[in-house]
Amino acid sequence: TLEAVARADTTSVRWRHALTATVENSDGRVVLRLPDRVMTFPMSCAQALAALHRGRVVTASSTPGLDRSDATVLIRRLLREGVIVPVAEDR
């Protein structure tokens, strides 16, 4: 995961298997409620978080609703928090 954080701009990621969470909008923010904590994000992250929560595999350049730079920041944060994981590439 640390390697993926360093390569967040090019790494494919997905939601961590079996991680239970809810994604909702509240007071102009996106709220991610996890079993042990609550994280908040700007509304611009709503599409990206919803897609990941539904199981979509994304990269920084394919994250819905965000440009590559903003998606890289979001991916890096979610990797560090253990919400998403890198997707193993077929070799």
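## A guided tour: helices, sheet and salt bridges

Start by selecting helix H3, which lies across strands S3 and S4 and runs at about 175° to S4. H3 spans residues 68–80, while S3 covers 29–33 and S4 covers 38–42. Keep in mind as you go that this is a predicted model.

**Stop 1: the sheet**

Now add S2, residues 22–26, to your selection. Together the three strands form an open sheet in the order S2-S3-S4, with antiparallel pairing. S2 and S4 stand at the edges with a single partner strand each, so one side of each has no neighbour in the sheet. If you look along the sheet, neighbouring strands are turned by 25° against each other on average, direction ignored.

If you display the backbone here, one general point helps: strands of a sheet pair through backbone hydrogen bonds, either parallel or antiparallel.

Zoom in on S2 and S3, which pair in the antiparallel sense over five bridges. Select Ser-26 and you will find its bridge partner in S3, Arg-29. Two residues sit between the strands of this hairpin, and Asp-27 takes a positive phi near 50° there.

Then move to the other pairing. S3 and S4 are also joined in the antiparallel sense, over five bridges. Pick Arg-33 this time: its bridge partner in S4 is Val-38.

**Stop 2: Val-38**

Stay on Val-38, a residue of strand S4. Is Val-38 buried or partly exposed? Its relative accessibility is 49%, so Val-38 counts as partly exposed. Leaving aside residues up to four places away in sequence, Val-38 touches Val-31, Leu-32 and Arg-33. For a distance to draw in the viewer, try Val-38 to Thr-22: the C-alpha atoms are 9.7 Å apart, and the two residues are 16 apart in sequence.

**Stop 3: the salt bridges**

Next, show the charged side chains. How many salt bridges does a search of the whole structure find? The search finds three.

Begin with Glu-24 and Arg-33, whose closest N and O atoms are 2.9 Å apart. Both ends are partly exposed: Glu-24 has a relative accessible area of 31%, and Arg-33 has one of 35%.

Now select Asp-36, Arg-37 and Glu-81, which are linked in a network of salt bridges. Asp-36 and Arg-37 have their closest N and O atoms 2.7 Å apart. Asp-36 is exposed, with a relative accessible area of 60%, whereas Arg-37 is partly exposed at 26%. On the other side of the network, Glu-81 pairs with Arg-37, with the closest N and O atoms 3.1 Å apart. Glu-81 sits in the loop between H3 and strand S5 (84–86) and Arg-37 in the loop between S3 and S4, so this salt bridge ties together parts that are 44 residues apart in sequence. Glu-81 is itself partly exposed, with a relative accessible area of 33%.

**Stop 4: helix H2**

Select H2, residues 46–53. H2 lies across S2, S3 and S4, and it runs at about 160° to S2. Colour its buried residues, which are Ala-48, Leu-49, Ala-51 and Leu-52. Look down the axis of H2: these buried residues fall within an arc of 160°, so they line one face of the helix. To see what covers them, show S1, S2, S3, S4, H3 and S5, which are among the covering elements. Just after H2, check Gly-55, which takes a positive phi of about 100°.

**Stop 5: the nonpolar core**

For the last stop, turn to the largest nonpolar core, which has 25 residues. Which of its members touch the most other members? Select Leu-32, Phe-41, Leu-74, Leu-78, Val-83 and Ile-84. Helices H1 (2–6), H2 and H3, together with strands S1 (13–15), S3 and S4, each supply at least two residues of this core. The largest share, five residues, comes from H3, the helix where the tour began.

Finish by centring on Ile-84. Its contacts, not counting residues up to four places away in sequence, are Val-13, Arg-14, Trp-15, Arg-16, Leu-52, Ile-75, Leu-78 and Leu-79. Two of these may already be coloured in your view: Leu-52, a buried residue of H2, and Leu-78, listed above with Ile-84 in the core.

Methods. Residues numbered from 1 in each chain as written. Predicted model: local features only at pLDDT ≥ 70, side-chain atom pairs only at ≥ 80, totals over all residues. Heavy atoms only, no water. Core = buried A, V, L, I, M, F, W, Y, C linked by side-chain atoms within 4.5 Å. Buried < 20%, exposed > 50% of the residue type's maximum accessible area, 1.4 Å probe, protein only. Helix = DSSP H or I, 4+ residues; strand = E, 2+ residues; numbered from the N terminus. Contact = heavy atoms within 4.5 Å. Pairing = 2+ DSSP bridges. Salt bridge = Lys/Arg side-chain N within 4 Å of Asp/Glu carboxyl O. Axes fitted to C-alpha atoms, helices over the stretch in contact; angles between N-to-C directions. Arc of directions from axis to C-beta.
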